[in-house]
Amino acid sequence: MRIKTKVALGVVFLFTAILAIGGIGLYYLHELSSDTQNIIRNNYETLQYTKRILEASNHDILAIADTIEANLIRQEANITEPGERELTIKLRTAFENYKKGNRDSTILADLRATALSIQEVNLKAIIRKNDVAQETASRASTYVVIILSVFAILAFTFIVNFPGYVANPIIQLTTSIKSIANKNYEERLHFDRKDEFEELAQAFNQMAEKLDEYEHSNLSRVIFEKKRIETIINRMSDPVIGLDERKKIVFANDQALTFLNVTKDQLVGRYAPDVAVENDLLRTLIREGNSKEESNLVKVVLSGKENYFSRENITIQYTPTGEKNIAMIGQVLLLRNVTPFKELDLAKTNFIATVSHELKTPIASLQMCTKLLQDKRVGELNTEQDSIVKTMNDEVTRLSKITHELLDLAQVETGNIRLNIQLTDPKDIIQYAREAVKFQAERKHVAIEIRIEQNIPSIQADVDKTTWVLVNLLTNAIRYSPESGRIVLQCHRQAGVVQFSVQDFGPGIDARFVGRLFEKFFQVPGTPSGTGLGLSISREFIESQGGKISVESDEGKGSVFSFTLPV
């Protein structure tokens, strides 16, 4: 029997068990519900009717004859038990006699006795029906327990045996596969069972025999490896070019040939620099690049559309047996088409620039409105209103800062950083930056110590952007400095450059995050909220002026951010 059939039968069995138990349970629940409803509908209502008649009989019956009449009519319509009809008729006769003027006390006593007799009949019926319901519940429990026990035993047997039935052959197969992986091609499987595992064992044994044959043939082995590599390379959707240690092209897939617009004979087997003389794209690919991200992008016009490819140069190294030196035996040039990502990045940049630009006008209006509200000439504000206006002003200021940072980021990403390079005194930049953060430092009682080297030379810099960078570093230092702390702002000359540095004595930065501080939108976990753009924009501003920016941090002792600009 096939494993699929066995599994299907097991599932059908479990499904049948569920249906059987559920069906029996529903049937007896319905029986119990029916018994309960009969008690309530037939007997309990009669008890209520007779109770009201008895209560009314304690008063002048003629005065409340309507109440007795109404309940007597309901009782006449609710006769369900043996002997109840005769008692009801007797109750009706006694009531009619009393209404006709017969005031004999025996008639009134007979009316009450008859009503009590009706109650007694229904109380006995309730007890009898309750016994029936209890018997039904007991019978249901017995049947459910018996059926559940039988199915539980069968299910337990299935659960205990079936996993081993499936898992044991898989364990044997796994062991045999590991043996094959260790090149033990004499490994064989033997399953004496008429199902898929026997077929699997036969297929496995055939595979092991074929592998054993190929293992004893070096030529077949080499051919197999070569064809496998060629198939993998040609199946890749990205251009791939392989060179040996002498820069001779040893292989190129179809995508690479299309990319370079050459045939296989024009490329494979030739010296790469010779081909590069005739092919500008190949010359770009084999040229050594620097560490900047853009240098690894290659722009190509294909089918009238600009396409961008990221270039990756993979060096293949080999250590000869018995030697310690590593030999370079070739390299692989791998190109990945990143055009969709480049287009998305450009769309994102344009979106940020557009939205940030459009937000400037309403933000300026909000700032003007908050200033007018704080102006006493417009009207006096109470304490709560003044607090709300100050909060609104702070949030609008923060929103304005974020908007300007996004605009600066858009400039950076589009490469449209406009610089106004001129000969500048570093003291002026320091003074501008100090004035910009003066209020913020005073509010937190943070002292800014300025140390400027004597006879500091002028630098070639954009004053606005350099001041922006220094203000950003000072703002961060104030934010992470303790109350009544201090910050050291230094400026001194090095070989051909002037270095600015901002040192704080705050909590410092975890070494795991130092290398990512200048990434866009990165924030150290647990730090105050921000955009994560300030340091990224600072790096772009400094590097666009020919300088460098760096950071040193000792967790628990503080951080030092510094940048250099050429003299």
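**Strands, helices and a few odd phi values**

Q: In this predicted model, what does Leu489 face in S10?
A: Leu489 stands opposite Val502 there.

Q: How do you know that S9 and S10 count as paired?
A: Pairing takes at least two bridges, and eight of them join S9 (residues 486-494) to S10 (residues 497-504). So the two strands pass the cut-off, and they run antiparallel.

Q: What packs on the sheet, touching S7, S9 and S10?
A: That's helix H13 (residues 426-444). Its direction makes about 175° with that of S7. On a scale from 0 to 180 degrees between N-to-C directions, that puts the helix close to opposite in direction to the strand.

Q: What makes S7 and S11 the edge strands of their sheet?
A: The sheet is open, with five strands in the order S7-S9-S10-S12-S11 and mixed pairing. S7 (447-452) and S11 (548-554) each pair on one side only. As for twist, neighbouring strands are turned by 15° against each other on average, ignoring direction.

Q: And which strands sit at the edges of the sheet S2-S1-S5-S4-S3?
A: This one is open too, with five strands and antiparallel pairing. Its edges are S2 and S3 (297-302), each pairing on one side only. Here the average turn between neighbours is 25°, direction ignored.

Q: How do you know that S1 has partners on both sides?
A: Count the bridges: three with S2 and five with S5 (residues 327-337). At least two are needed, so both pairs qualify. Both are antiparallel. Ile241 stands opposite Ala252 in S2, while Asp244 stands opposite Gly330 in S5.

Q: Why is Arg85 called partly exposed?
A: Arg85 comes out at 48% relative accessibility. Buried needs under 20% and exposed needs over 50%, so this residue lands in between. Arg85 is part of helix H3 (residues 84-99).

Q: How do you know that the buried residues of H3 line one face?
A: The buried set is Glu84, Leu87, Thr88, Leu91, Arg92, Ala94, Phe95 and Tyr98. Looking down the axis, they fall within an arc of 165°, so they line one face of the helix. The face turned away from them carries the exposed residues Glu86 and Ile89.

Q: Why is His445 called exposed?
A: Its relative accessible area is 53%, and the cut-off is over 50%, so His445 makes it. The residue is in the loop between H13 and S7.

Q: What makes the phi of His445 worth a look?
A: Phi is near 60°, a positive value in a residue other than glycine. Most residues other than glycine have a negative phi.

Q: Why does Ser484 count as exposed?
A: Ser484 has 56% relative accessibility, and anything over 50% qualifies, so exposed is the right word. Ser484 lies in the loop between helix H14 (463-480) and S9, and its phi is also positive, near 60°.

Q: What is the predictor's confidence overall, and where is the pLDDT below 50?
A: The chain averages a pLDDT of 79, with 83% of residues at 70 or more. Residues 289-294 are below 50, and beyond near neighbours in sequence this stretch has five contacts in the model. Where pLDDT is low, the predicted coordinates should not be read in detail.

Technical notes:
Residues numbered from 1 in each chain as written. Predicted model: local features only at pLDDT ≥ 70, side-chain atom pairs only at ≥ 80, totals over all residues. Heavy atoms only, no water. Helix = DSSP H or I, 4+ residues; strand = E, 2+ residues; numbered from the N terminus. Buried < 20%, exposed > 50% of the residue type's maximum accessible area, 1.4 Å probe, protein only. Arc of directions from axis to C-beta. pLDDT = per-residue confidence, 0-100. Contact = heavy atoms within 4.5 Å.
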